[in-house]
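Please open the structure in your viewer and keep the sequence panel beside it. The tour below proposes a series of selections, one after another, and says what is to be found at each.

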Amino acid sequence: MKHDQQPEAIQGRISPCMSVHDALRTAIAFEQSAQAFYRELADQVHPEARPLLLDLADEERKHAKLLEDISTAERLSYTLSQQYKIPPTQPRLDEYIHLRKLSAGASEDEILDYVESRERIAFEHYGYLAELTPPGPLQQLFAFLREEERRHESEIQSRWSATFNVY
(Lines give C-alpha, C1' and ligand atoms only; values in the text may rest on other atoms or scores of the structure.)
Protein backbone atom coordinates (compact mmCIF):
# COMPACT_ATOMS: atom_id res chain seq x y z
CA MET A 1 0.00 0.00 0.00
CA LYS A 2 1.32 3.44 -0.91
CA HIS A 3 1.91 5.93 1.89
CA ASP A 4 -0.64 8.40 0.56
CA GLN A 5 -3.47 5.87 0.42
CA GLN A 6 -5.74 4.94 3.30
CA PRO A 7 -6.90 1.39 3.94
CA GLU A 8 -10.34 0.64 2.47
CA ALA A 9 -11.82 0.19 5.95
CA ILE A 10 -10.86 3.76 6.84
CA GLN A 11 -11.90 5.20 3.46
CA GLY A 12 -15.41 3.78 3.89
CA ARG A 13 -15.84 5.63 7.20
CA ILE A 14 -14.80 9.06 5.96
CA SER A 15 -17.77 11.11 4.81
CA PRO A 16 -17.36 14.19 2.67
CA CYS A 17 -18.22 17.29 4.68
CA MET A 18 -19.21 20.84 4.03
CA SER A 19 -19.40 23.89 6.23
CA VAL A 20 -22.69 25.45 7.22
CA HIS A 21 -21.50 28.54 5.33
CA ASP A 22 -21.02 26.44 2.17
CA ALA A 23 -24.50 24.97 2.58
CA LEU A 24 -25.95 28.47 2.86
CA ARG A 25 -24.05 29.73 -0.21
CA THR A 26 -25.34 26.78 -2.22
CA ALA A 27 -28.90 27.34 -0.98
CA ILE A 28 -28.66 31.03 -1.92
CA ALA A 29 -27.44 30.11 -5.40
CA PHE A 30 -30.30 27.62 -5.77
CA GLU A 31 -32.92 30.18 -4.72
CA GLN A 32 -31.46 32.82 -7.04
CA SER A 33 -31.45 30.29 -9.86
CA ALA A 34 -35.06 29.38 -9.10
CA GLN A 35 -36.05 33.04 -9.19
CA ALA A 36 -34.37 33.52 -12.58
CA PHE A 37 -35.89 30.29 -13.89
CA TYR A 38 -39.45 31.25 -12.92
CA ARG A 39 -39.08 34.79 -14.31
CA GLU A 40 -37.72 33.49 -17.61
CA LEU A 41 -40.37 30.77 -17.81
CA ALA A 42 -43.13 33.31 -17.13
CA ASP A 43 -42.24 34.98 -20.42
CA GLN A 44 -42.50 31.70 -22.33
CA VAL A 45 -45.70 30.07 -21.11
CA HIS A 46 -49.39 30.74 -21.67
CA PRO A 47 -50.47 34.04 -20.14
CA GLU A 48 -52.72 32.17 -17.69
CA ALA A 49 -49.67 30.55 -16.02
CA ARG A 50 -47.68 33.77 -15.79
CA PRO A 51 -49.08 34.96 -12.40
CA LEU A 52 -48.18 31.64 -10.75
CA LEU A 53 -44.61 31.74 -12.06
CA LEU A 54 -44.12 35.37 -11.09
CA ASP A 55 -45.44 34.60 -7.58
CA LEU A 56 -42.96 31.73 -7.33
CA ALA A 57 -40.11 33.96 -8.55
CA ASP A 58 -40.97 36.50 -5.86
CA GLU A 59 -41.05 33.85 -3.15
CA GLU A 60 -37.69 32.44 -4.25
CA ARG A 61 -36.26 35.98 -4.08
CA LYS A 62 -37.51 36.24 -0.50
CA HIS A 63 -35.96 32.85 0.35
CA ALA A 64 -32.59 33.97 -1.01
CA LYS A 65 -32.82 37.14 1.10
CA LEU A 66 -33.56 35.14 4.27
CA LEU A 67 -30.58 32.89 3.57
CA GLU A 68 -28.32 35.87 2.83
CA ASP A 69 -29.38 37.61 6.04
CA ILE A 70 -28.67 34.59 8.21
CA SER A 71 -25.36 33.92 6.46
CA THR A 72 -24.09 37.33 7.56
CA ALA A 73 -25.54 37.26 11.09
CA GLU A 74 -22.70 38.04 13.49
CA ARG A 75 -24.19 35.91 16.26
CA LEU A 76 -23.95 32.84 14.02
CA SER A 77 -20.33 33.28 12.91
CA TYR A 78 -19.16 30.26 14.93
CA THR A 79 -22.00 28.07 13.61
CA LEU A 80 -21.20 28.97 10.00
CA SER A 81 -17.77 27.36 10.20
CA GLN A 82 -19.08 24.07 11.60
CA GLN A 83 -18.86 21.04 9.34
CA TYR A 84 -21.43 18.36 8.68
CA LYS A 85 -21.94 15.52 6.29
CA ILE A 86 -22.95 16.52 2.78
CA PRO A 87 -26.66 15.67 2.32
CA PRO A 88 -27.40 13.00 -0.30
CA THR A 89 -29.57 15.55 -2.10
CA GLN A 90 -26.62 17.88 -2.76
CA PRO A 91 -25.70 16.58 -6.26
CA ARG A 92 -29.29 16.91 -7.50
CA LEU A 93 -29.63 20.37 -5.98
CA ASP A 94 -26.39 21.41 -7.68
CA GLU A 95 -27.82 20.28 -11.04
CA TYR A 96 -30.78 22.63 -10.59
CA ILE A 97 -28.56 25.64 -9.90
CA HIS A 98 -27.58 25.59 -13.57
CA LEU A 99 -30.69 26.59 -15.46
CA ARG A 100 -32.02 24.01 -17.86
CA LYS A 101 -33.42 25.38 -21.06
CA LEU A 102 -36.80 23.88 -21.80
CA SER A 103 -37.45 23.33 -25.47
CA ALA A 104 -39.57 25.97 -27.17
CA GLY A 105 -42.25 23.38 -27.82
CA ALA A 106 -42.31 21.95 -24.30
CA SER A 107 -45.78 20.83 -23.31
CA GLU A 108 -47.52 22.01 -20.16
CA ASP A 109 -46.94 18.53 -18.68
CA GLU A 110 -43.19 18.70 -19.35
CA ILE A 111 -42.98 22.15 -17.80
CA LEU A 112 -45.05 21.04 -14.81
CA ASP A 113 -42.85 17.97 -14.26
CA TYR A 114 -39.68 20.05 -14.28
CA VAL A 115 -41.11 22.77 -12.02
CA GLU A 116 -42.36 20.17 -9.54
CA SER A 117 -39.00 18.39 -9.54
CA ARG A 118 -37.23 21.66 -8.65
CA GLU A 119 -39.55 22.20 -5.71
CA ARG A 120 -39.33 18.57 -4.60
CA ILE A 121 -35.52 18.52 -4.47
CA ALA A 122 -35.52 21.80 -2.55
CA PHE A 123 -38.01 20.32 -0.06
CA GLU A 124 -35.87 17.20 0.40
CA HIS A 125 -32.63 19.16 0.66
CA TYR A 126 -33.91 21.65 3.22
CA GLY A 127 -35.31 18.72 5.17
CA TYR A 128 -31.86 17.14 5.36
CA LEU A 129 -30.27 20.44 6.35
CA ALA A 130 -32.86 20.93 9.10
CA GLU A 131 -32.03 17.46 10.45
CA LEU A 132 -28.26 18.04 10.32
CA THR A 133 -28.30 21.51 11.87
CA PRO A 134 -28.34 21.90 15.66
CA PRO A 135 -31.41 23.55 17.22
CA GLY A 136 -31.49 27.30 16.76
CA PRO A 137 -32.28 29.97 14.19
CA LEU A 138 -30.53 28.22 11.32
CA GLN A 139 -32.38 24.97 11.89
CA GLN A 140 -35.64 26.92 12.12
CA LEU A 141 -34.88 28.62 8.80
CA PHE A 142 -34.16 25.31 7.05
CA ALA A 143 -37.37 23.82 8.49
CA PHE A 144 -39.32 26.90 7.35
CA LEU A 145 -37.86 26.64 3.84
CA ARG A 146 -38.67 22.92 3.74
CA GLU A 147 -42.33 23.72 4.42
CA GLU A 148 -42.29 26.60 1.93
CA GLU A 149 -41.08 24.23 -0.80
CA ARG A 150 -43.75 21.70 0.14
CA ARG A 151 -46.35 24.46 -0.11
CA HIS A 152 -44.96 25.56 -3.47
CA GLU A 153 -45.27 22.07 -4.90
CA SER A 154 -48.87 21.79 -3.70
CA GLU A 155 -49.72 25.27 -4.99
CA ILE A 156 -48.12 24.53 -8.34
CA GLN A 157 -50.18 21.36 -8.72
CA SER A 158 -53.48 22.99 -7.82
CA ARG A 159 -53.00 26.26 -9.75
CA TRP A 160 -51.54 24.49 -12.77
CA SER A 161 -54.45 22.04 -12.80
CA ALA A 162 -56.95 24.88 -12.61
CA THR A 163 -55.18 26.79 -15.38
CA PHE A 164 -54.70 23.93 -17.81
CA ASN A 165 -57.48 21.55 -16.71
CA VAL A 166 -54.95 18.84 -15.80
CA TYR A 167 -56.42 15.94 -13.87
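## The whole chain

Start with the whole protein chain, where buried residues make up 43% of the 167 residues. Bear in mind throughout that this is a predicted model. Colour the chain by secondary structure, and seven helices and two strands can be picked out, which follow one another along the sequence in the pattern α-β-α-α-α-β-α-α-α. If you display the contacts between residues at least 6 apart in sequence, 80% of them join residues at least 24 apart.

## The nonpolar core

Next, select Leu24, Tyr38, Leu41, Leu67, Ile111, Tyr126 and Phe142, which touch the most other members of the largest nonpolar core, a set of 45 residues. To see where this core is drawn from, add helix 2 (20-42), helix 3 (50-71), helix 5 (90-97), helix 6 (108-132) and helix 7 (137-164), the elements that each give two or more residues to it. Helix 2 supplies the largest share, eleven residues. As background to this stop, nonpolar side chains in soluble globular proteins tend to be buried together.

Stay with Leu41 and show its surroundings: beyond the residues up to four places away in sequence, Leu41 touches Leu53, Leu102, Ile111 and Val115. One of these partners, Ile111, is also among the core residues that touch the most other members.

## Helix 3 against helix 7

Now hide everything except helix 3 and helix 7, and look along the pair from the side. The two helices pack at an angle of about 175°, with their axes 12 Å apart. Because of that angle, helix 3 is roughly antiparallel to helix 7, the term used for angles over 145 degrees. Colouring the residues of this contact by type gives 14 nonpolar, two polar and eight charged.

## Ser19 in strand 1

Restore the chain and move to Ser19, which is found in strand 1 (residues 17-19). Is Ser19 buried or exposed? With a relative accessible area of 9%, Ser19 is buried, since the cut-off for that class is under 20%. Show the side chain of Ser19 and follow it to the backbone nitrogen of Asp22, which it reaches at 2.9 Å. Apart from neighbours within four places in sequence, Ser19 is in contact with Leu80, Ser81, Gln82 and Gln83.

## Thr89 and Gln90

Proceed to Thr89, which lies in the loop between strand 2 (83-85) and helix 5. Thr89 counts as buried, at 5% relative accessibility, and its contacts, leaving aside neighbours within four places in sequence, are with Ile121, Glu124, His125 and Tyr128.

Then select Gln90, which is found in helix 5 and also counts as buried, at 7% relative accessibility. Which residues does Gln90 touch, not counting those up to four places away in sequence? They are Met18, Thr26 and His125; the last of these, His125, is likewise in contact with Thr89. A distance label drawn from Gln90 to Ala122, C-alpha to C-alpha, should read 9.7 Å, although the two are 32 residues apart in sequence.

## Ile97, also in helix 5

Continue along helix 5 to Ile97. Outside the stretch of neighbours within four places in sequence, Ile97 is in contact with Thr26, Ala29, Phe30 and Ser33, and Thr26 is a residue already met as a partner of Gln90. Between Ile97 and Gln32, 65 residues apart in sequence, the C-alpha to C-alpha distance is 8.3 Å.

## Leu112 and Arg150

Select Leu112 in helix 6, a residue that counts as buried at 9% relative accessibility. Its contacts, neighbours within four places in sequence aside, are with Ile156 and Trp160. The C-alpha atoms of Leu112 and Trp160 are separated by 7.6 Å, with their positions 48 residues apart along the chain taken as the sequence separation.

Finish at Arg150 in helix 7. Arg150 counts as partly exposed, because its relative accessibility of 43% falls between the cut-offs of 20% and 50%. Label the distance from Arg150 to Glu124, which are 26 residues apart in sequence and 9.1 Å apart in space, C-alpha to C-alpha. Glu124 may be familiar from an earlier stop, as one of the contacts of Thr89.

Methods. Residues are numbered from 1 along each chain as its sequence is written. This is a predicted model: local features need pLDDT of at least 70, side-chain atom pairs count only at pLDDT 80 or more; totals for chains, interfaces and linings use all residues. Side-chain values use heavy atoms; hydrogens and water are left out. A nonpolar core is a set of buried Ala, Val, Leu, Ile, Met, Phe, Trp, Tyr and Cys residues joined through side-chain atoms within 4.5 Å. Buried means under 20% relative accessible area, exposed over 50%, partly exposed in between (1.4 Å probe, protein chains only). Helices (H or I, at least four residues) and strands (E, at least two) are DSSP runs, numbered from the N terminus. Contact means heavy atoms within 4.5 Å. Axes are lines fitted to C-alpha atoms, for helices over the stretch in contact, and angles run from 0 to 180 degrees between N-to-C directions. Angles under 35 degrees count as roughly parallel, over 145 as roughly antiparallel, 65 to 115 as roughly perpendicular and the rest as oblique. Ala, Val, Leu, Ile, Met, Phe, Trp, Tyr, Cys and Pro count as nonpolar, Asp, Glu, Lys and Arg as charged, and the others, Gly among them, as polar. A polar contact is a pair of N or O atoms within 3.5 Å; within protein, one must be able to donate a hydrogen and the other to accept it, and residues adjacent in sequence count only if both atoms are side-chain atoms.
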